[in-house]
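Could you walk me through this model in the viewer, one selection at a time? I would like to know what to click next and what I will find there.

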Amino acid sequence: MSNFDIMITRFDANPEFGQMVPEERKALYDLTIKNKCTKILEVGTWKGVGSTYILASAAKANGGHLYSIENDKANHDIAEDIYNTDLSFLKVYVCLILGDSTEKIKEISKEIQFDMVFLDGAEDGERTFNDFNLVKNDIKIVACHDWFTKKTEKIRPYLESSKDYEQISLIETSPTGFSAFKRVKRVKNENDITR
Ligand SMILES: C[S@@+](CC[C@H](N)C(=O)[O-])C[C@H]1O[C@@H](n2cnc3c(N)ncnc32)[C@H](O)[C@@H]1O
């Protein structure tokens, strides 16, 4: 494992750091900071050094917290180990949750109103869309890795056609793509502003 810098967030393409390319990592970090997200939900921790590290770093910068769900115990345990050692400076900003995304989101969303969700779990378009629907009433930002794979085949047409979201990031040149959307405030009339 490469050394992490306590002060500087790295966006390297080291395969040990997960599958997102540096441009995607930087986009994810920047949009999380820019939109001041503080209650961040992630589906798909993997080993904790890819998007989880990026989102944990942004949560630290924003004074927020990341809740990251992983259903593979071996991956979850590797992530736990890393946040107890190399990434211990981020540990207080991260809650690593072992279990199925849909079940865990149902449980934790009773307690926490998430303002951002990052979806990078199963290659299952139905599940990705269902997980999003469980939190969509609260969130202002939704980001998705694998924008051109089966993982996002249901959420992609929904977000692209919805008048409730504007696309704030699109990376088409990476191997599997990345995109993010922001919930827009729609003005029905001048006295009635909805989320
Ligand atoms: C593409 S990897 C995530 C990569 C990670 N975001 C990164 O940047 O390094 C997808 C992860 O989702 C996990 N996963 C698959 N199905 C899941 C489910 N139903 N609930 C939670 N995690 C799941 C897999 O075990 C895998 O670790």
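Start by selecting I54, which sits in helix 2, residues 51–62. The model is a predicted one. Is I54 buried or exposed? Count the C-beta atoms around I54 and you get 27 others within 10 Å, so this residue is buried. Now show what I54 touches, skipping neighbours within four places in sequence: the contacts are T9, R25, L28 and Y29. For a long view across the model, draw a distance from I54 to K154: these two residues are 100 apart along the chain, and their C-alpha atoms are separated by 25 Å.

**Helix 1 against helix 2**

Next, add helix 1, residues 22–34, to your selection and keep helix 2 on screen. Two packed helices are described by the angle between their axes and the distance between the axes. Here the axes of helix 1 and helix 2 come within 9 Å and cross at roughly 25°. Because angles under 35 degrees count as roughly parallel, helix 1 is roughly parallel to helix 2. The crossing of these two helices is right-handed.

Which residues make the contact? From helix 1, pick R25, L28, Y29, T32 and I33. From helix 2, pick S51, I54, L55, S57, A58, A61 and N62. Colour this contact between helix 1 and helix 2 by class and you will see seven nonpolar, four polar and one charged residues. Your starting residue, I54, is part of this contact on the helix 2 side.

**A loop residue after helix 1**

Follow the chain into the loop between helix 1 and strand 1 (39–43), and stop at K36. Check the backbone torsions here: K36 has a positive phi of about 55°, although it is not a glycine. Most residues other than glycine have a negative phi. K36 is partly exposed, because 15 other C-beta atoms lie within 10 Å.

**The ligand**

Now centre the view on the ligand and select the residues around it, 18 in number. Which of them come nearest? They are G18, G44, G50, S101 and A122. Sorted by class, the shell around the ligand holds five nonpolar, nine polar and four charged residues.

**Helix 4 against helix 5**

One of the residues nearest the ligand, S101, also leads to the next stop. Select helix 4, residues 101–108, together with helix 5, residues 125–135. Their axes come within 10 Å and cross at roughly 0°, and therefore helix 4 and helix 5 are roughly parallel to each other. On the helix 4 side, show S101, T102, I105 and K106. They meet R127, N130, D131, L134 and V135 of helix 5. By class, this contact of helix 4 with helix 5 has three nonpolar, three polar and three charged residues.

**Another positive phi**

Move on to D146, in the loop between strand 5 (141–145) and helix 6 (155–161). What is the phi of D146? It is positive, about 60°, although D146 is not a glycine. D146 is buried, because 24 other C-beta atoms lie within 10 Å.

**Strands 6 and 7, and the loop between them**

Select L170 in strand 6. With 14 C-beta neighbours inside 10 Å, L170 counts as partly exposed. Measure from L170 to S109 with the distance tool: they are 61 residues apart in sequence and 27 Å apart in space, C-alpha to C-alpha.

Step along to S174, in the loop between strand 6 (165–171) and strand 7 (178–183). S174 is partly exposed, with 18 other C-beta atoms within 10 Å. Where does this loop residue make its contacts? Not counting residues up to four places away in sequence, S174 touches V21, E23 and E24. The C-alpha atoms of S174 and P22 are separated by 9.5 Å, with their positions 152 residues apart along the chain.

Finish on K182, in strand 7. Buried or exposed? K182 counts as buried, because it has 20 C-beta neighbours inside 10 Å, and 20 or more is the cut-off for buried. Leaving aside neighbours within four places in sequence, K182 is in contact with N35, K140, I141, Y165, E166 and I168. For a last distance, pick K182 and W147: they are 35 residues apart along the chain, with their C-alpha atoms separated by 16 Å.

Note on methods
Residues are numbered from 1 along each chain as its sequence is written. This is a predicted model: local features need pLDDT of at least 70, side-chain atom pairs count only at pLDDT 80 or more; totals for chains, interfaces and linings use all residues. Helices (H or I, at least four residues) and strands (E, at least two) are DSSP runs, numbered from the N terminus. A residue is buried if 20 or more other C-beta atoms lie within 10 Å of its own, exposed if 12 or fewer, and partly exposed in between; C-beta atoms are placed from the backbone. Two residues are in contact if their C-beta atoms, placed from the backbone, lie within 7 Å. A residue is near a molecule or strand if its C-beta atom, placed from the backbone, lies within 6 Å of it. Ala, Val, Leu, Ile, Met, Phe, Trp, Tyr, Cys and Pro count as nonpolar, Asp, Glu, Lys and Arg as charged, and the others, Gly among them, as polar. Axes are lines fitted to C-alpha atoms, for helices over the stretch in contact, and angles run from 0 to 180 degrees between N-to-C directions. Angles under 35 degrees count as roughly parallel, over 145 as roughly antiparallel, 65 to 115 as roughly perpendicular and the rest as oblique. A crossing is left-handed if the near helix is turned anticlockwise from the far one by less than a right angle, and right-handed if clockwise.
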